[in-house]
Protein chains: 2
Amino acid sequence: MQTPDSGLAACIDIGGSKALVGLVDRGGKILARERYPSPPGVEPAELVRRLGARVHTLAGAAGLDWQRVVGVGYSTAGMMDVERGIIFSSPNQGDWRDVPFMELLKREFQLPARIEMDANAAAIGEAWLGAGQGADPLVFLVIGTGVGSGILVNGRVLRGWNGTAGEIGHTVIDLAGPACNCGNKGCLESLVSGPAIARRARQAGSPAGEDELSAEAVFQAARAGDPAALAVVAETVELLSIGVTNLIHLLNPKAIILGGGVGQGGADLLLEPLKKAVSRRVGSWVDFDGTLIARSQLGSDAGLLGAAWLVWNELVKEIAT
Amino acid sequence: MQTPDSGLAACIDIGGSKALVGLVDRGGKILARERYPSPPGVEPAELVRRLGARVHTLAGAAGLDWQRVVGVGYSTAGMMDVERGIIFSSPNQGDWRDVPFMELLKREFQLPARIEMDANAAAIGEAWLGAGQGADPLVFLVIGTGVGSGILVNGRVLRGWNGTAGEIGHTVIDLAGPACNCGNKGCLESLVSGPAIARRARQAGSPAGEDELSAEAVFQAARAGDPAALAVVAETVELLSIGVTNLIHLLNPKAIILGGGVGQGGADLLLEPLKKAVSRRVGSWVDFDGTLIARSQLGSDAGLLGAAWLVWNELVKEIAT
């Protein structure tokens, strides 16, 4: 068998709207990559068959010898048991229940495979090659349609006892705040997610808030100097700074990396004011100057590269034997 | 040198009002123990000299051969670098700054020594011999004059990059809440600590709130059926349930163990309603039935036994060589 050093990882990252497949070498270089609209909800076996065809085609088009591919890494949203390779549910894929997805990948690709939750994969990617290199603990904070996180402690994903850790979006920071779809009030997600930002803009009378789902419209209006939109951005910074300060007090992370449509797409407006607000809020015992708050360096490749890391670090032994 | 199996750990736990010294065997049995009022703020060298004398006297009184003692474990509140053994500050000891306390202990006792923060030591104790055996992640939630926690992940203390993790008392759950001494509003500590409970009782017009520092008086009044005190207890449960649910969403701990004067002393009033409130609040994706919320089993011995664990698990190699 091909030795890992000259090998390639076949990597797949299925997001809510975009999917990404790629072939990544041992050093994290993406030798081939294809981005396409996320596949519609199909049966797991059918999805895996399509992914197999797509990755093979990608390798062929890039002139990469398929024999070099040593393993498959897969990243997606959902509830899963990473060790056993089972996806319990996956919001992007419709009504899946308890799918042995790792086994399906192994069978389709005839290669070892690993699966990972998207925020965890992105955290791993940023720790390996992005904004969080050498940082531990590391939190990858995804702010988009929802709010979630991937947390690394001592170089490992913090999963909790049952795999549901990282749900920072449903930590409450304002017990009298707006209703969240989880049933509580004032969850971080109900305050700083894309839809929450758009909602607050609407309430503030900003025309940018009319498109219910578009925080980006609010950011555009703010960049153009619209006072109502600027006020919404400032309020978002304050709310987000509470969530980030909570994280710092509880986990004392070395790095907090912002990703997702809001966290990444709005970083030009949010990041510097956020650092100032957190600096003002953190306890006097915290070394805030030594704590990194940064935007994702890998952007939409973070999950793909995290999936590659799984191949190189969790599958290489399996591959070598 | 005595082999560890027949050895004893000299253990010290200095709290805000009570201090505890003890001699603990390999199995966690406390063979001798002395509780006494915490020593007044003295110079570190003087404290260590007194502790040495006290532990030697304790061993002698119990008829335990000092030659069996193989190491020293020390637990206290404060900011410290556990690896280097330096206590940066210790609220119970007055104005200490950057004290090489592990070295002082080694010199006084002529034995290897380890230090640990009190909440972490209690978490370790409960994981070893108490309510959290086999549970990971584990959170020991101290609710007393202040609110803090010790967090174990993959069997190790979660310290963060700079040793300040676990400060759950200063996570905000009510951004419009009462002022906290950290400068923010609505920190968990400002809502459910002993003084906060007494303050809320006072505001509710309960005579039990008149003693500014005594949540215990509020609990006593509640046990006697005082409606105002019962309402304060119910409100405390709701507020605490938000903090505990935040913990569950972020860390998905297998066990959350309540300690401290309020968490332990008020458990008869707080624990069962807390479980119900958290069960109502946690997201549908959380396996709450599999999550343990319990009171400390070791009570005031938790920190002492955590200090003993350090001797048996972190010093034994050092001792054996």
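The lining of the second largest cavity has 2 nonpolar, 5 polar and 1 charged residues by class. This cavity holds about 40 Å³ of space. The model is a predicted one. A search of the whole structure finds 2 cavities of 30 Å³ or more.

**Second largest cavity**
- Chain A lends A:Ile242, A:Thr245, A:Asn246, A:His249 and A:Arg281 to the lining.
- From chain B come B:His170, B:Val172 and B:Asn184.
- Helix α7(A) gives the largest share of this lining, with 4 residues.

**Largest cavity**
- The largest cavity contains about 130 Å³ of space.
- It is lined by 15 residues.
- Closest to its centre are A:Thr171, A:Asn246, B:Thr171, B:Asn246 and B:Leu250.
- Two elements each give two or more residues to the lining: α7 (227-251) of chain A and α7 (227-251) of chain B.
- Sorted by class, the lining has 9 nonpolar and 6 polar residues, and no charged ones.
- A:Asn246 is among the residues closest to the centre of the largest cavity, and A:Asn246 also lines the second largest cavity.

**How the two chains relate**
- A turn of 180 degrees, with a shift of 0.0 Å along the axis, lays chain B on chain A.
- The RMSD of that fit is 0.0 Å.
- This is the relation of a two-fold axis.
- Both copies use the same surface: 100% of the contact residues of chain B recur in chain A.

**Helix α10 of chain B**
- Helix α10 of chain B covers residues 302-314, which makes 13 residues.
- At 1.5 Å a residue, the helix should span 18 Å. Its end C-alpha atoms are 17 Å apart, which agrees.
- Of the 13 residues of α10(B), 10 are buried, so the helix is largely enclosed by the rest of the structure.
- Buried here means under 20% relative accessible area.
- The buried residues start with the run B:Ala302, B:Gly303, B:Leu304, B:Leu305, B:Gly306, B:Ala307 and B:Ala308.
- B:Leu310, B:Val311 and B:Trp312 are buried as well.

**B:Gln220**
- B:Gln220 lies in helix α6 of chain B, which runs over residues 215-223.
- B:Gln220 has 45% relative accessibility, so it counts as partly exposed.
- B:Gln220 and B:Leu230 are 10 residues apart in sequence. In space they are 9.9 Å apart, C-alpha to C-alpha.

Definitions and conventions:
Residues numbered from 1 in each chain as written. Chains lettered and ligands numbered in written order. Predicted model: local features only at pLDDT ≥ 70, side-chain atom pairs only at ≥ 80, totals over all residues. Heavy atoms only, no water. Expected span 1.5 Å × (residues − 1). Buried < 20%, exposed > 50% of the residue type's maximum accessible area, 1.4 Å probe, protein only. 1 Å grid on protein atoms, 1.4 Å probe; cavity = no way out; pocket = protein on both sides within 12 Å on 5 of 7 lines; lining within 4 Å. Points joined across faces, edges and corners; volume = space filled by probe spheres on them. Nonpolar A, V, L, I, M, F, W, Y, C, P; charged D, E, K, R; others polar. Least-squares fit on C-alpha atoms with pLDDT ≥ 70 in both. Contact = heavy atoms within 4.5 Å.
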